[in-house]
Structures are given as C-alpha cells and as structure tokens.
Amino acid sequence: MTRANARTLFERLAEKDPAPETELYYKDPFTLVVAVALSAQATDEGVNKATKKLFTVADTPKKMAAFGEKKLGDYIKTIGLWRNKAKNVIALSNMLLDEHGGKVPEDREALEKLPGVGRKTANVVMNVAFGAPTIAVDTHIFRVSNRTGLAPGKNPLEVEKGLEKIVPADFLQHAHHWLILHGRYTCKARSPDCGACPLTDLCLYKDKVFKEEKPKPAKRKMASAPKLKTAKPKRKAKKKVTA
Ligand code: SF4
C-alpha cells in the first residue's frame, strides 16, 4: 500500500472513531497489566466479567500478592489457561513489589521481564497506560495489516515493524486501537463485512466479501375478508284461512 493510501486509511478510521479506547476494564497501570495478561487467548468480555469483581478486592500488587494463587484462581476460573495465568499474576505482583517499588515500570524491557508479559502485552501497556506510540500486533491487527496490504508480514514482529514504517506519525498513538476495532467488528476473520467497510477502495484483499442484501419480503396484500352475506329472514308464508 502506498503511503498516501495509508494516510487516507487512518484518516477514515479516525473520522469514524476519533478517540478509540481499549475495551478491557482497568483502573490504572497495574490493573491494566493484569487484565492484558489475562486476556491472552480469551475475549475482552470474558476477562472483564472476572476482573470487575477481582479488582474490587485485589487492585494493587500488594493486595494481589497477599491474595495468593488459590484465591485468585477462584476469581478467574472462567478464563482459559487460568491456572498458569494465576501463577504469573502473583509472580509479577511480587516482582513489582521487590524490584519496582510496587509500580509498573514505564519501559518495554522491564515490562517484558515480568512473568507472563510478552512483547504484545508490554506494547499494550506502553500505549494505553503511558501514551507511547507502540503497536501491539494481536490476531486482529495481524489479519487487517495483511489483508489490506498495509503491512504484510509472516509473523507479528514483521507486521509490527512494517506498521512502524508505514503508519503516519500523527496516527501512531491510536493506530493500535483503530486496527483492532476494525478487525473485531468489520474485517472479521471468517467473513469480512466489506460492504460496510470504509476502506474498500484502498484495501488490496482479493477475496472481499460483499454480503448480498436480503430481498425485503414483498408486502402481502391482505385478502379482504369475504363479506358475510346475511340471509334475510324468510317471511313466514301467511297461512291460508279456509272457511
Ligand atoms: S474491504 Fe473487506 S477485507 Fe478489506 S479491510 Fe475492509 S472488510 Fe477487510
């Protein structure tokens, strides 16, 4: 995709949603790290259900560490891979207390050293909590970048590097959320909604899907109800009076 088209693409996404935000529930950098760590291979909706309750009782590294793996497990059992995630969240809480004074560090390298925090999670935290112009390539961004031709790549890192080169600097801050939301709601994995997509003319995907509009059911003419013929009462024949 050309640089000019990439700019137009982001202008259109920005027009639709000028200030996109994460759909994950969080209160501060720590709860964001926990929410993102829990969201691997799970839906934001599923994670939010669990964290809305969890963060009322454990929303700091100190409280989380004191909570322990077993109690935490009770709150996140509905989320896939919860056992491993519980172990990581407790370990990262302890590491934040021991090495960072209970605060979430503002640099990617330190973030990536936290248990259960990979490059993607670190990028989300850098972007959402600290306003850094990072792009975390998840499944949606990977798909949209490849389909549109914006930043094709065989793996997330290749796509991330491609995006860093092509996304105009003034759109980098929100590019992450624009692409995620576009992938989640329009350029869906199984069936992209190309008919409703504002990027159709810019997108290089060869197998665009335009859903046929279902013909509206023809209005049926209400058959007028047959009028009931009311039979006139037969006059009684006058009896002939015979003399
Ligand atoms: S035109 Fe279709 S394939 Fe291209 S970005 Fe839009 S929804 Fe995705």
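What share of the 243 residues of the protein chain count as buried? In the predicted model that I present today, the figure is 35%. I shall begin with the overall fold, continue with two helices and the core, and end with two single residues and the ligand.

First, the fold. The protein chain contains 10 helices and zero strands. Read from the N terminus on, its elements therefore run α-α-α-α-α-α-α-α-α-α. If we take the contacts with a separation of 6 or more, 57% of them join residues 24 or more positions apart.

Let me turn to helix α2, residues 29-38. This helix is mostly covered, since nine of its 10 residues are buried. They are Phe-30, Thr-31, Leu-32, Val-33, Val-34, Ala-35, Val-36, Ala-37 and Leu-38. Against which helices do the buried residues of α2 pack? Their partners are α3 (44-57), α4 (61-76), α5 and α7. Val-33 offers a detailed example: apart from its neighbours within four places in sequence, it is in contact with Leu-92, Val-104, Val-117 and Val-125.

This leads us to the largest nonpolar core, which has 61 residues. The members that touch the most others are Leu-32, Val-33, Ile-76, Val-89, Val-125 and Ile-141. Helix α2 supplies the largest share of this core, namely eight residues. Where does the core lie with respect to the two domains? Domain 1 (3-20 + 135-196) and domain 2 (29-130) both give residues to it, so the core lies between them. As a general point, nonpolar side chains tend to be buried together in soluble globular proteins.

The second helix is α10, residues 172-185. We can check its length by a short calculation. At 1.5 Å a residue, its 14 residues should span 20 Å. The C-alpha atoms at its ends are 21 Å apart, which agrees. Is α10 enclosed or open? Of its 14 residues, 10 are buried, so the helix is largely enclosed by the rest of the structure. Among these buried residues are His-174, His-176, His-177 and His-182, together with Trp-178 and Leu-179. The buried residues of α10 pack against α1 (3-16), α7 (119-130), α8 (139-148) and α9 (156-166). Helix α7 also appeared earlier, as one of the partners of α2.

I now compare two single residues. Is Asp-107 buried or exposed? Asp-107 sits in the loop between α5 (82-99) and α6 (108-112). It has 11 other C-beta atoms within 10 Å and is exposed, because a residue with 12 or fewer falls in that class. Its C-alpha atom is separated by 9.5 Å from that of Asn-123, 16 residues apart along the chain.

Leu-199, in the segment after α10, has 21 C-beta neighbours inside 10 Å and therefore counts as buried; the threshold is 20 or more. Leaving aside neighbours within four places in sequence, Leu-199 is in contact with Leu-9, Arg-12 and Thr-148. Although Leu-199 and Thr-8 are 191 residues apart along the chain, their C-alpha atoms are separated by 8.8 Å.

Finally, the ligand. Which of the 13 residues around the ligand come nearest? They are Cys-187, Pro-192, Cys-194, Cys-197 and Cys-203. The shell as a whole divides into seven nonpolar, three polar and three charged residues.

Notes. Residues numbered from 1 in each chain as written. Predicted model: local features only at pLDDT ≥ 70, side-chain atom pairs only at ≥ 80, totals over all residues. Core = buried A, V, L, I, M, F, W, Y, C linked by C-beta atoms within 7 Å. Helix = DSSP H or I, 4+ residues; strand = E, 2+ residues; numbered from the N terminus. Domains from an automatic or database assignment. Contact = placed C-beta atoms within 7 Å. Near = placed C-beta within 6 Å. Nonpolar A, V, L, I, M, F, W, Y, C, P; charged D, E, K, R; others polar. Expected span 1.5 Å × (residues − 1).
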